[in-house]
Each structure stands twice: as structure tokens, then as C-alpha cells.
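Hi,

Here is the model I promised to pass on; please keep in mind that it is a predicted one. Have a look at it first, and my notes follow underneath.

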Amino acid sequence: MSLTSKLSAALAGAGLMYFFDPDRGHPRRAKLANAAVHARKREHELVGKAVRDARHRVRGVAERVKHRDDRDIPDEVLAGRVHTGLGRAVSHPRAIELSVNDGCVLLRGDVLEREADALLAAVHGTAGVRDVIDELARHDAPDSIAVLQGEGRAMRTRDGAWTPALQVGAMGAGALLATYGVARRGLVGLAVAGAGGALLVRAIANRPLRLGDKGIVVHKTLTVNAPVEQVRDLWRRLDEFPRFLEHVRRVEVTGTRSRWTVEAFAGATATFEAELTRDEPNLVAWHTLPGQAVQHEGSVHFESVDGATRVHVELSYRPLGGVLGHAIARLLGLDPKHRMDDDLVRLKGLLEHGRARAHHRRFELAGP
């Protein structure tokens, strides 16, 4: 038996022992099944988005063919063209109000100062636009402007995200190339399979294969109907996190440092150590200590809005395996973005209703 065969047999045996362990095998298999269900759900959602995206693009092309003469474009068709351009020019297109009258576009609403020029250029460059009236309110930062909070669509586009239609098409092309390369074999087959695999990973991760300086960056904004002080107090009680964060097993706090035990995959655990870098009334920030398997850093900003609290979370990390590791985790619902979405919804319920469910049981908000 070759070394490769022995190694494959050993890995297969270890996997069988891990998932069919008499004591812990059942919950591990259940978590693996949940990950498979999540992957299938993501597949259906993505295909649905791709179909809608392709339908809208075909409709747009049909409208352009129908109205080849820019002078013959109805105002409602021109408004649709301008709306499409807004999504590529600014991070929060819903903050922009526009109206069209005989080819003249009136712009109102809120926009970030750094995006205003790109917005005006996009509108001026839209076929059929004769003039633009600029009545936009410009802001240096989102501050308390609710419609400008959060990550925004254009930011995701700048991060290299593909449209759903392009993403699904690239997945199909990558899978075909990889299959053909494996079947052909040889150096040419290996090169084709590698290219197909890279395209497939790029499409699943929906980001460039080369990570930036900060790695994977995740943003999330959530409004909680509770005072800032109460929200911040719960966020600073790290030892309470295992109660409502589904993937956190244990947190040991020593001063500004903490040691976390978290669920990695199918019941397996991993540990890391982190340190608070900022601890202010409206801001908490942290980073992992040197030497951790997965380096990450993040911040949480608390903003008071009419008695409620808007929570802005930013997390950046470099996953094991780079973009490939991120793609696999994203497909199985184990990536930080998916986990953060679930955990913040649970935190919202806990603060607003005093109770929530995690780890298959119900719990209530403890006193300070």
C-alpha cells in the first residue's frame, strides 16, 4: 500500500471515529447535518437571486433596445436607469430621492461627501439624462444619520463581490473546468482543474482570491430597543457570552485579557486569547494576542437613537486556508458573518424581551 493510500485510510478512520463516537458522535453528526442543510439553503437562495438578477438585466437590455434614441426615453424608464446606477456609485442608494422630468434629474437626500462626486458622475453618465439638479445633503461621516449607517451595497461591490447571476455562472463554469481537468489528467488537465477550482472558490467566497491587509472584513448594524448603557453593559460582561452566543463555550476574563473556547466545526473546539484595546462609553474594541491560530480584531460602536441603541459591529480576520477556508465556512454557515447575524438577533431578543434561546435551551437576562 502506498503512502498516499495509508494516509487516506488513516484520515478516513479518524473521521469515522470522530463522528461515530458512542458518547459524542450523535451531536457531531447532527451539527454536520445542519451544516449540510444550511449549504443547500444557501444554494437555493443564491439561484433565486441569480434568476431575478438575470431577469432584471434582460429587461434593462430590452428597454435600451426599445428606446435607442435617448430623446425618446420616458421619464419612468430613465428613473429606472438612474436607480440602477445609484447602487454602483454610493453605499446607501436608498438614502437618495430622485425625480425625473423631461430628462432632468432632481437629486435629494443624504450622501457621504466622499461619494458625492461618484454619484453625480454616474447620473450625468446615464444615457438619456439631459441635466442634473443637485440638492443633496452631504455628510463627512454617518454620525446619527440613520439611512447612512451600516456596510452599504457599494462597499460590498468595492470589495470585489460579484452579482448573483455572475456568481452562479462562475460556479458552473468552475465546476465544469475542474471536472474536465480531472478527467483529462496530465499537466494540461491539472492546469485546467486548478483554474476551475480557483474560479469555483472565487465564486463561492464571492471575493478576490488574494486577501487584503485586513483579511475578511465583516460589518453589521442592528438597532436594539434598549438604552445605550444597558446594551453596553451586557457587551462588556464577557463571561455572560457563552449563555447567548451559540458557538462560544467558555470565556475566562483576567483584567483586559480574555481566553475564549469556541466551537470550530461539528463539535470540535478551538481557543484563542484576546485583549481589549479601547473601552469607552460608546466604543469597545479588541484584538487577538500574537501567536493565535486565527488573528482577528474588531470594534463595537453604540449610538443612542431616540431612546434605542444602534449597534455597529466591524470584525476583520484572516481565516485558516485563506479564501478557500472562508468559502467552505461560508457555504456551511460557519463563517463569522453568519454567526454574527444569529448572535446579534439573539442579543436583541435578550435585551428587548429579557429572554432568548441558545444551546437548545431558554435563558433569561441576568442582573448586573
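Let me begin with the strands. Strand 1 and strand 2 (residues 104–112) are joined by 6 bridges and pair in the antiparallel sense. If you want one position to find your way by, take E97, whose bridge partner in strand 2 is R108.

This pair belongs to an open sheet of 3 strands, ordered 1-2-3, in which the pairing is mixed. Strand 1 (96–101) and strand 3 (131–139) are the edge strands, each pairing on one side only. On average, neighbouring strands of the sheet are turned by 10° against each other, direction ignored.

Two helices lie across these strands. Helix 3 lies across strand 1 and strand 2, and runs at about 150° to strand 1. Helix 4 lies across strand 1, strand 2 and strand 3, at about 160° to strand 2.

How do the helices sit against one another? Helix 3 (residues 75–89) packs with helix 4 (residues 113–124) at an angle of about 150°, and their axes are 9 Å apart. Angles over 145 degrees count as roughly antiparallel, so that is what helix 3 is to helix 4. Their crossing is right-handed. On the helix 3 side, the contact is made by V82, G85, L86 and A89, and on the helix 4 side by E115, A118, L119, A122 and V123. By type, the residues of this contact are 7 nonpolar, 1 polar and 1 charged.

Happy to go through any of this together.

Best wishes

Definitions and conventions
Residues are numbered from 1 along each chain as its sequence is written. This is a predicted model: local features need pLDDT of at least 70, side-chain atom pairs count only at pLDDT 80 or more; totals for chains, interfaces and linings use all residues. Side-chain values use heavy atoms; hydrogens and water are left out. Axes are lines fitted to C-alpha atoms, for helices over the stretch in contact, and angles run from 0 to 180 degrees between N-to-C directions. Helices (H or I, at least four residues) and strands (E, at least two) are DSSP runs, numbered from the N terminus. Angles under 35 degrees count as roughly parallel, over 145 as roughly antiparallel, 65 to 115 as roughly perpendicular and the rest as oblique. A crossing is left-handed if the near helix is turned anticlockwise from the far one by less than a right angle, and right-handed if clockwise. Contact means heavy atoms within 4.5 Å. Ala, Val, Leu, Ile, Met, Phe, Trp, Tyr, Cys and Pro count as nonpolar, Asp, Glu, Lys and Arg as charged, and the others, Gly among them, as polar. Two strands pair if DSSP finds at least two bridges between them.
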